[in-house]
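Visitor: I am new to this structure and would like a close look at one part of its surface. Could you take me through it slowly, and then add whatever helps me to place it in the whole?

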Amino acid sequence: MTSPTVKAPRALVVGLAILLVLPLFVAVIGFHKPTWTPVLDLAQTEMRVRDVGTSHTPLIGLPGRIVYEGNQGSHPGPLSFYALAPVYRLFGSTAFALQMATFVLNAGAVIVALVLARRRGGTALVLGVGAVIAVLIAGFGVTTLTEPWNPYLPLLWWLVVLLAVWSVVAGDVAMLPVAVIAGCFCAQTHVPYLVLSLGAGAIAVGATIVYFRRGDRPRRRSILKWSGVAAGIGVLAWLPPLIDQAKHSPGNLSILINYFTKTPPAEPTLGLRDAVPYVLEHLDVFHLSVDQLAHPGLLVANDAHRHVVEWRGAVVLVLWLVAAVVAVRMRHHALMLLHGVAATALVLVTLSTSHIYGIVWYYLLLSIWTVALLMTIATVWTFAAALAPRLSEDRARLASRVGLGLLVAVIAVFSARSLWVAPSASHSDAVVVEELGAVTPATAAGLPRDGRYFVAWDDAAYFGSPGEGLLNELDRRGFDVGSYEAIGPIITKHRVLDEADATGRVQLATGMWVDKWRALPNVKELAFVDPRDPQEQARFAQLHAEVVDLLHAQHLDDLTELLDKNLFAVSIDQRISPAVKSKVEEMLSLGVPMAVFLAPPGTHL
C-alpha cells in the first residue's frame, strides 16, 4: 500500500459497506421470529432506552461491577441509550426494534470507518480497512453486533476512534469532531474505553495544537472552527453525567473515581507484568483470522477452539516494531503517523489491562483485537512501501494488483463466512431467553390490567436475569410494575415499588424454587416451562450427581449446598476444577424449570 494521490471511488465505499453489514442485517431479520425477550443487562438497557425523552431520561450508563462503600456505580454516560432510541422508537419500541437499532449503530461505524479510510488514502487503504472490519465481524460474530450489550457496543466504534485520531494527527483536523463523538460514545458506554478514548483523544488534541501553532491565518481559522465543533460536542456529550454528579451525593463520577483510584482490598489489580501475556495473546493475528474463519464468533465464545498462542502474538509485535523502524527510515509521513497511533493504542490497552480488578473477563480485553489489526495494516503497508521501489514498473503494477486481489479475497471470504452462519445465529443466553419467552405471554394474559404489581424472583440458575427480563417485558406491555428498592440503580429508581403499595406480587421462580412456590397457599401459577426433554432431564441429574461427588472430593461442601440455589455462582467460583466447571456449564446449557406465579402482596417463602 503506497500513499496515493487519488481517492478511492465512492462507489467502492458504498459497495463495501453493503457487503460488510449484510451478515448483520440477515442476522437481525432472522432474529425477528421468535420474539426476543432480553434478560439481565440487555433488559436493563431496553428499559433505559425506553426512558429516553421522558422525565426519566437517563443521565449515566448501565450499572457495572462498580461498588464503592456500598454505592452502586454505573458506566460513565448514557450516549448509547440516546444513540439507540431513535431507531428503537421508529420500529415500534419492541425488543426487535432494539436489535434493529443496534444493527444501525454498528452499520454506522462501518460506514464512518470506510469514509475515514477514503479520506486518508486510495483503493488499497479502503480495502485494507474493509478487510479489518470483515475479520472483526467474523471474530465477534453477528449476535454480538446485533444485541446491545454495553461491552459490545463500542467494538466497531473503537476502530473509528483510532482512524479518526490518525486523520487528525495527519493534518485532517476536520475529523476532530468525529474522534470526539466516537471517543465519547466508547468511553461512556463501557468504562474500560474511558482511559483508551481519553488517551487517544489527547494525541488528537496535541496534534491539533501543533498544527494551529504552525498554520497561517486561514489554516488557523479552519482549525478553530473544527475545534469549536469538537469542543461543543464534547460538552454536550458529558453534560448528562455532570448533571447527575450535581444532583446526587455521591454522584456517579465520584463513585467511579473513588473505585478506580482506591484499589479494593479483595480485588487487587492485575499489574503490568501479568497484563503483558494477555496483550500478547490478543496480538495473535492467526487466531484472530484463521480460527475465526473456522469458528465465527469465537472471540466471544466459551469454546474449546478458543485458544490463543502468546508466542504468535510476540511474533506480530516484533514484525510491527521492525516495520515501524522501516517507516521511520523511509521518512514515510503517513506510515510514521499510523505506527504512532498504533503504538499509542498498544500502550493504552496494556495500561488498561494492568488495572483490571478481580477476574479478567474476556470482554474486558476485546479492544486489543482492533489494535492488533491496526498494527497489521501498518506492518503490511510498510513492507509493501519498502518493496515497491525495488521492483520494475511492470512487477510493481503486478504486485499491486495481487495485493488488491488478496484484500478483496479476505473481505469476500470473511463476509461470506459471516453471511453463511447469520441465518442460524442464536441469541446470547439462548436457554433463559427462550424460557422467558415461553412464560411471558401467559403471564401477561393472566394479569388484570388495572393492577399494580411487585415483580420478584427466586432464581436457582441464571443470576436473576429472567426476573429483570420479566420486569422489562411487563413494563413494555404497559403494566404498572416495579421491584425492590435495593436494586433501584439496576432497574432505575422510578421503577422501585414498595410492595405494600402493590395489588399483587408477580413471582418468577426457577429450579428448586418452583415447587416451593407451588406449595404456598393463595398462589396462582400463571405459566410454566421446562426446556429439557426426559433424556436431557436424566443427563442433568447425572451431571448433578457427578458434580456433587467432585465437590465433596475437593472439600468444597459450601458449593455443594449452593448447587441447587445458584448454579451460575458455582460456575464462576475460582476454586472449582476444570472438570467441575465443564459439567456445571453443561447443566446451565440444559436449563432448569421456570414458572411465574401471582400471589398476594407480602407473600414470601
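Guide: What follows looks at a nonpolar patch on the surface, and then turns to the cysteines and to the confidence of the model. Please keep in mind that this is a predicted model, with a mean pLDDT of 92 for the chain and 98% of its residues at 70 or more.

The patch covers about 560 Å² of nonpolar surface, and the residues that make it are Trp311, Val315, Val318, Leu319, Val322 and Phe383. The element that gives the most to this patch is helix H13, which spans residues 310-330 and supplies five residues. Leu319 is a good place to pause, since this member of the patch lies in helix H13. Its relative accessibility is 42%, and therefore Leu319 counts as partly exposed.

Away from the patch, the cysteines offer another view. There are zero disulfides in the structure, and Cys184 shows why one particular pair is not joined: the closest cysteine sulfur, in Cys186, lies 9.5 Å from its own, which is too far for a bond, as a disulfide needs the two sulfur atoms within 2.5 Å. Cys186, likewise, is in no disulfide. Cys184 is buried, because its relative accessible area is 8%, and Cys186 is buried as well, with a value of 0%.

Finally, confidence varies among the elements of the chain, with the lowest mean pLDDT, 86, in helix H12 (residues 285-294) and the highest, 98, in helix H3 (residues 79-90).

Key
Residues numbered from 1 in each chain as written. Predicted model: local features only at pLDDT ≥ 70, side-chain atom pairs only at ≥ 80, totals over all residues. Heavy atoms only, no water. Patch = residues over 30% accessible without salt bridge, like charges linked within 9 Å, V, L, I, M, F, W, Y side chains within 5 Å. Areas by Shrake-Rupley, 256 points an atom, 1.4 Å probe, with all protein chains shown as cover. Salt bridge = Lys/Arg side-chain N within 4 Å of Asp/Glu carboxyl O. Helix = DSSP H or I, 4+ residues; strand = E, 2+ residues; numbered from the N terminus. Buried < 20%, exposed > 50% of the residue type's maximum accessible area, 1.4 Å probe, protein only. pLDDT = per-residue confidence, 0-100.
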